Amino acid sequence: MSTTVRAPAKINLHLGVGPLGEDGFHPLATLYQAVGLYDDVTVSDQLEWSVHLRGDGRIDLDEVPADDRNIALRAGRALVAHHGLERAAKVEIRKGIPVAGGMAGGSADAAATLVALDRLWDLQTPDDDLLRLAAGLGSDVPFALLGGTAIGSGHGELVTPVVDHGSWWWVVVENDTGLATPDVYRAFDELHAGALLPTPQIPPALHDALLTGDVEQLARLLRNDLQEPALRLRPDLAATFDDALAAGAHAALLSGSGPSVLLLCGDRAQAEAVDADLAGRGHGRTSVVPAPVAGAHVVEYV
């Protein structure tokens, strides 16, 4: 017996970062959106915990731990501890989300593992308990459970769904060299040393753009406070932004802490045209993806 669960990549339509707190974390105000890039996690009973990785050819798995450091195994152990069980599983991860790309692929794996094991063992874990377990694993894991479009507060782990009537299309431009999130936050702190940063908030106009599906309004409101420090670490990414706008995208935005770059397009046809243009400019690892999409959910192969 096995169960497969699919979980999506996330992007941040808005990522506001507040001042470093005494707990060593920054308060965040973020507007998450789930996009159509996925990791699939298949779990099956086993005497000992193990994790096995597969990629789709374009994904570099070298940076993904295949031992107890893998967040999917931590998710599985957290679930059995919550239920007071002594069980283990084989966790197979097929990755389609860029590794260390700012799109929360590890968080997607953790969320998918929670759901998959809950279904495999018929644990019937309440949704609130799953969300609490997810929050203990990482700030992006609860949203990977939820999907759609949602506000993230606290450190990003407190998620509240928002109404999104848009049908959005993005081009994701991947990069061969990852960016470590702690490095980007350190660069953010250096950039804002001595500054009095305001408490981050989601602009109300963003909700209006989602309600009306206005791509031009959304393009004007996209924001990522980690973009400037990330570009200081990786100035080569500026060329991707230039190429994206030259190709006709409505806007270009760094995904999370990077280095993946997101291009907002008006519809699927425009996204495919932008994607083709970028291929002509030498960008070989791109994907056209819809949004918003569902969070972690069971899938069956036929």
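Contact here means heavy atoms within 4.5 Å. In this predicted model, Gly-148 is in contact with Tyr-32, Gln-33, Ala-34, Phe-143, Pro-292 and Val-293, leaving aside its neighbours within four places in sequence. The points below cover the residues that UniProt lists as active site and binding site, an open sheet of four strands, and some features of the backbone, among them a cis peptide bond between Gly-258 and Pro-259.

**Active site residues**

- An unreviewed UniProt entry lists Lys-10 and Asp-140 under "active site".
- These residues span 131 residues in sequence, yet no two of their C-alpha atoms are more than 8.3 Å apart, so they gather at one spot.
- Both Lys-10 and Asp-140 belong to the lining of the largest pocket.
- Lys-10 sits in strand β1, which covers residues 2-17.
- With a relative accessibility of 7%, Lys-10 counts as buried, because buried means under 20% relative accessible area.
- Not counting residues up to four places away in sequence, Lys-10 touches Tyr-32, Gln-33, Gly-102, Met-103, Ala-104, Asp-140, Phe-143, Ser-255 and Gly-256.
- The backbone oxygen of Gly-102 is reached by the side chain of Lys-10 at 3.5 Å.
- Asp-140 lies in the loop between α3 (127-137) and α4 (141-146).
- Asp-140 also counts as buried, at 19% relative accessibility.
- Residues touched by Asp-140, apart from those up to four places away in sequence, are Lys-10, Tyr-32, Ala-104 and Ser-107.

**Binding site residues**

- For "binding site", the unreviewed UniProt entry lists Pro-98, Val-99, Ala-100, Gly-101, Gly-102, Met-103, Ala-104, Gly-105, Gly-106, Ser-107 and Ala-108.
- From this set, the lining of the largest pocket takes in Pro-98, Val-99, Ala-100, Gly-101, Gly-102, Met-103, Ala-104, Gly-105, Gly-106 and Ser-107.
- Pro-98 is in the loop between β4 (89-95) and α2 (105-120), and Pro-98 is buried, with a relative accessible area of 5%.
- Beyond residues up to four places away in sequence, Pro-98 touches Leu-37, Arg-58, Ile-59, Met-103, Glu-174 and Ser-260.
- Ser-107 belongs to helix α2 and is buried, with a relative accessible area of 12%.
- Ser-107 touches Asp-140, Val-141 and Ala-144, again not counting residues up to four places away in sequence.
- Asp-140, listed under "active site", is thus named among the contacts of Ser-107, listed under "binding site".

**The four-stranded sheet**

- An open sheet is formed by four strands in the order β9-β10-β7-β11, with antiparallel pairing.
- At the edges are β9 (251-254) and β11 (286-291), each of which pairs on one side only.
- From one strand to the next, the twist averages 30°.
- Strand β7 (residues 168-173) pairs with strand β10 (residues 261-265) in the antiparallel sense over five bridges.
- Val-173 stands opposite Val-261 in β10.
- Helix α10 (residues 268-280) packs on the sheet and touches β7, β10 and β11; the direction of α10 makes about 15° with that of β7.

**Cis peptide bonds**

- Gly-258 and Pro-259 are joined by a cis peptide bond, with omega about 10°.
- Pro-259 is in the loop between β9 and β10.
- The peptide bond from Ala-291 to Pro-292 is also cis, with omega near -5°.
- Pro-292 is in the loop between β11 and β12 (297-299), and Pro-292 is among the contacts of Gly-148.

**Positive phi angles**

- Asp-122 has a positive phi, near 50°, in a residue other than glycine.
- Asp-122 lies in the loop between α2 and α3 and counts as exposed, at 53% relative accessibility.
- Gln-124 is not a glycine either, and its phi is positive at about 55°.
- Gln-124 is found in the loop between α2 and α3, and at 62% relative accessibility Gln-124 counts as exposed.

**Position of Gly-148**

- Gly-148 is in the loop between α4 and β5 (149-153).
- Gly-148 and Ala-116 are 32 residues apart in sequence, and their C-alpha atoms are 19 Å apart in space.

Technical notes
Residues are numbered from 1 along each chain as its sequence is written. This is a predicted model: local features need pLDDT of at least 70, side-chain atom pairs count only at pLDDT 80 or more; totals for chains, interfaces and linings use all residues. Side-chain values use heavy atoms; hydrogens and water are left out. UniProt positions are given in the numbering used here, feature names are shortened, and annotations may be inferred rather than shown by experiment. On a 1 Å grid over the protein atoms alone, a cavity is a set of points where a 1.4 Å probe fits but cannot get out, and a pocket is an open set with protein on both sides within 12 Å along at least five of seven lines; lining residues have an atom within 4 Å of a point. Helices (H or I, at least four residues) and strands (E, at least two) are DSSP runs, numbered from the N terminus. Buried means under 20% relative accessible area, exposed over 50%, partly exposed in between (1.4 Å probe, protein chains only). Two strands pair if DSSP finds at least two bridges between them. Axes are lines fitted to C-alpha atoms, for helices over the stretch in contact, and angles run from 0 to 180 degrees between N-to-C directions. A polar contact is a pair of N or O atoms within 3.5 Å; within protein, one must be able to donate a hydrogen and the other to accept it, and residues adjacent in sequence count only if both atoms are side-chain atoms.
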